[in-house]
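Reader: I'd like a close look at a single part of this one, and then how that part sits in the rest of the chain. Could you walk me through it?

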Amino acid sequence: MSIQDGFAAALKWIRVTRRLTQKDVSTTVAASHISQLEAGKTSPTVKAAGELALALGISPCALLAAAAASESGITPRLVLAQAVEDLERLGLIDTIPPASAQGTDSPHPTTARAALTHTQVQELKARGLTQVEVARDLGIPRSTIQRHWH
């Protein structure tokens, strides 16, 4: 089963459990779109999934956990326990995430590599090595050393 099918099943399951009609849930998402979602014919945007969850009276996390559980054939409790384990393993479980993607500092790999090279060159220079010796030790061209020398 796909996550799209899991979302369809979870959306309908929660809506029916709450004894709500598609029209009851269609506060910001059109009833026809809800019908398409429940049939597994379309996928919701993150915004639409959040709005549907609120219309169902649950958190977006609960709706997505139910969708993932449906897809995997396990309970929402097990899905949420796995999510907690995943976030603990990443060291993020007790950290408030940034409010936007711009709040995450992630330099381009080339920039990060250049910064590391600069640091290495400066450390070897401080130890008194010449440019030729630094180039040999780091295994990089002397022209690269020259760029990072000053």
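Author: Let's take helix H5, residues 60–72. Helices here are DSSP runs of H or I with at least four residues, strands are runs of E with at least two, and both are numbered from the N terminus. The expected span of a helix is 1.5 Å times one less than its number of residues, so the 13 residues of H5 should cover 18 Å, and its end C-alpha atoms are indeed 18 Å apart. Before going on, bear in mind that this is a predicted model, where local features need pLDDT of at least 70 and side-chain atom pairs count only at pLDDT 80 or more, while totals for chains, interfaces and linings use all residues. Residues are numbered from 1 along each chain as its sequence is written, and side-chain values use heavy atoms, with hydrogens and water left out.

Which residues of H5 are buried? They are Leu 63, Ala 65, Ala 66, Ala 67, Ala 68 and Ala 69. Buried means under 20% relative accessible area, exposed means over 50%, and partly exposed is in between (1.4 Å probe, protein chains only). The buried residues of H5 pack against helix H1 (3–17), helix H4 (46–56) and helix H6 (76–89); contact here means heavy atoms within 4.5 Å. Just after H5 comes Gly 73, with a positive phi of about 75 degrees.

One of those packing partners, H6, passes the length check too: its 14 residues should span 20 Å, and the end C-alpha atoms are 20 Å apart. H6 is also followed by a glycine with a positive phi, Gly 91, near 75 degrees.

Another partner, H1, leads into a loop that ends at helix H2 (22–25), and Arg 19 lies in that loop. Most residues other than glycine have a negative phi. Arg 19 is not a glycine, yet its phi is positive, about 60 degrees. With 76% relative accessibility, Arg 19 counts as exposed.

Now step back to the whole chain. It has nine helices and zero strands. Its radius of gyration, taken over C-alpha atoms, is 26 Å, well over the 15 Å that the globule rule gives for 150 residues, so the chain is more spread out than a compact globule. That rule is 2.2 Å times the number of residues to the power 0.38. The C-alpha trace spans about 80 × 30 × 30 Å along its principal axes, and 25% of the 150 residues count as buried.

For a feel of that spread, take Val 121 in helix H7: its C-alpha is 63 Å from that of Ala 31, 90 residues away along the chain. Val 121 has a relative accessible area of 0%, so it is buried. Leaving out residues up to four places away in sequence, Val 121 touches Val 134, Leu 138, Ile 145, His 148 and Trp 149. Thr 117 lies in H7 as well (residues 109–126) and is buried at 14% relative accessibility. With neighbours within four places set aside, its contacts are Ile 140, Thr 144 and His 148.

Finally, the loop between helix H8 (131–138) and helix H9 (142–149) holds Pro 141, which is partly exposed at 48% relative accessibility. Pro 141 and Gln 131 sit ten residues apart in sequence, with 9.8 Å between their C-alpha atoms.
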